[in-house]
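These exercises ask you to read a protein model step by step. Try each task before turning to its solution.

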Amino acid sequence: MKRLFDLVLAVLALLILGIPLLLLTWQVRRKLGSPAFFRQPRPGLDGRPFSLVKFRTMTDACDTSGQLLPDAKRLTPFGRFLRSSSLDELPELWNVLKGEMSLVGPRPLLMEYLPLYSKGQARRHEVRPGITGWAQINGRNALSWEEKFKLDVWYVDNRTLWLDIKILWLTVRKVLVRDGISAAGEATMPRFTGSSAATSHGGES
C-alpha cells in the first residue's frame, strides 16, 4: 500500500509540476552553473547505495589552491531560497518513481556515515529513505544528530499510511514557515562523526 501511495502521488506531482520544474532547471543553470542537478551516492533500503538527485544549491567556487570553498561561501542567496523552500528536493520524485526512495522516511545521508552508526541508529535503514520524514517535521537540521536518529527509528517502529499522510501535511506547513533549515552556525548540518557531532561541514544534505 505504501509503495502504491508513493507512486500515485509522485506521478501526480510530476505531472502538475512538469513545466515549473523545467523553468526551475533553467534558473538553476543560469544562476549556479551546470549541471543543474546534484547527484551523489546515498544509502537506501538496507544501506544499499543509490544515486540521489536534487537541484544544486551551491556554486563550484574554489580557493587559490583549487580546493572547494566552505559550504557557507558557496551557498548563494538563490541556493538558500531553494533550500528554505525545499524546491531543491523536488527531483527526488524521480528516485521515488524508481523505488529507491519513498515520499516519507528517514532522510538519506552520506555513505561514509554507515560504519559510524550504533546498532540502534542503523535501524533507520530498515525502510526506504524519504523526501521528508518524522525528523524533518520535528526540527529538521536544527536537531542534533542523536535527536534526529531517535526520531528516524521511532518512525521505523510506528510507520503507518496515516502517519505518512500526517507527515506530508505537516511538511507543507514547515516549508511555508521555512523552519529548521540549518543548524546553528552552519550552512546545513555539521558532519556526523559518531556519538558526537564534529564542526566540519558536510556539503549538500
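A residue is called buried under 20% relative accessible area, exposed over 50%, and partly exposed in between. The model used here is predicted.

**Exercise 1.** Classify Asp-157 and Arg-123 by accessibility, then describe how their side chains meet.

*Solution.*
Step 1. Asp-157 has a relative accessible area of 48%. Exposed would require over 50%, so Asp-157 counts as partly exposed.
Step 2. Arg-123, with a relative accessible area of 25%, is also partly exposed.
Step 3. The two side chains form a salt bridge, with 2.7 Å from N to O.
Step 4. This pair links distant parts of the chain: Arg-123 sits in the loop between S3 and S4, Asp-157 in helix H5, and they are 34 residues apart.

**Exercise 2.** State what secondary structure the protein has and in what pattern.

*Solution.*
Step 1. The protein has six helices and six strands.
Step 2. Along the sequence the pattern reads α-β-β-α-α-α-β-β-α-α-β-β.
Step 3. The protein has 205 residues, and 47% of them count as buried.
Step 4. Take the contacts between residues at least 6 apart in sequence: 68% of these join residues at least 24 apart.
Step 5. The accessible surface is about 10500 Å², and carbon and sulfur atoms account for 63% of that surface.

**Exercise 3.** Compare the expected span of H5 with the distance between its end C-alpha atoms, and do likewise for H1.

*Solution.*
Step 1. Helix H5 covers residues 145–158, which is 14 residues. At 1.5 Å a residue the span should be 20 Å, and the end C-alpha atoms are 20 Å apart, so the two values agree.
Step 2. Helix H1 covers residues 2–32 and has 31 residues. A straight helix would reach 45 Å, but the end C-alpha atoms of H1 are only 36 Å apart.
Step 3. Look along H1 for a bend. A kink of about 60° lies at Leu-17, shortly before the proline Pro-20.
Step 4. After H1 comes Gly-33, whose phi is positive, near 105°.

**Exercise 4.** Which residues of H1 are buried, and which residues make the nonpolar surface patch?

*Solution.*
Step 1. In H1 the buried residues are Phe-5, Asp-6, Ala-10, Leu-21, Leu-24, Thr-25, Gln-27, Val-28 and Leu-32.
Step 2. The nonpolar patch of about 1100 Å² is made by Met-1, Leu-4, Val-8, Leu-9, Val-11, Leu-12, Leu-15, Ile-16, Leu-161, Trp-162 and Ile-165.
Step 3. H1 gives the largest share of the patch, seven residues. Both H1 and helix H6 (161–177) supply at least two residues each.
Step 4. Recall the geometry of a helix. An α-helix has 3.6 residues a turn, so residues three or four places apart point the same way.
Step 5. As one case from the patch, take Leu-15, which is found in helix H1. Its relative accessible area is 66%, so Leu-15 is exposed.

**Exercise 5.** Where is Asp-88 found, and is Asp-88 buried or exposed?

*Solution.*
Step 1. Asp-88 is in the loop between helix H3 (77–84) and helix H4 (92–97).
Step 2. With a relative accessible area of 2%, Asp-88 is buried.
Step 3. Leaving aside residues up to four places away in sequence, Asp-88 touches Lys-54, Phe-55, Thr-57, Leu-82 and Arg-83.
Step 4. The side chains of Lys-54 and Asp-88 form a salt bridge, 3.5 Å from N to O. Lys-54 lies in strand S2 (residues 49–55) and Asp-88 in the loop between H3 and H4, so the pair ties together parts 34 residues apart in sequence.
Step 5. Lys-54 and Asp-88 are both buried.
Step 6. The pair belongs to a network of salt bridges that links Lys-54, Asp-88, Glu-89, Glu-92 and Arg-107.

**Exercise 6.** How many salt bridges does the whole structure hold, and what parts does the pair Arg-191 and Glu-112 tie together?

*Solution.*
Step 1. A search of the whole structure gives twelve salt bridges.
Step 2. In one salt bridge, the side chains of Arg-191 and Glu-112 meet at 2.4 Å, N to O.
Step 3. Arg-191 lies in strand S5 (residues 190–192), and Glu-112 in the loop between strand S3 (102–104) and strand S4 (130–132), so this pair ties together parts 79 residues apart in sequence.
Step 4. Arg-191 is partly exposed at 22% relative accessibility, and Glu-112 is partly exposed at 47%.

Definitions and conventions. Residues are numbered from 1 along each chain as its sequence is written. This is a predicted model: local features need pLDDT of at least 70, side-chain atom pairs count only at pLDDT 80 or more; totals for chains, interfaces and linings use all residues. Side-chain values use heavy atoms; hydrogens and water are left out. Helices (H or I, at least four residues) and strands (E, at least two) are DSSP runs, numbered from the N terminus. Buried means under 20% relative accessible area, exposed over 50%, partly exposed in between (1.4 Å probe, protein chains only). Contact means heavy atoms within 4.5 Å. The expected span of a helix is 1.5 Å times one less than its number of residues. A salt bridge is a side-chain nitrogen of Lys or Arg within 4 Å of a carboxyl oxygen of Asp or Glu. Accessible areas come from the Shrake-Rupley method with a 1.4 Å probe; for residues, only the protein chains shown count as cover. The bend at a residue is the angle between axes fitted to the seven residues ending there and the seven starting there. Patches are made of residues with over 30% relative accessible area and no salt bridge: like charges are joined within 9 Å, nonpolar side chains (Val, Leu, Ile, Met, Phe, Trp, Tyr) within 5 Å.
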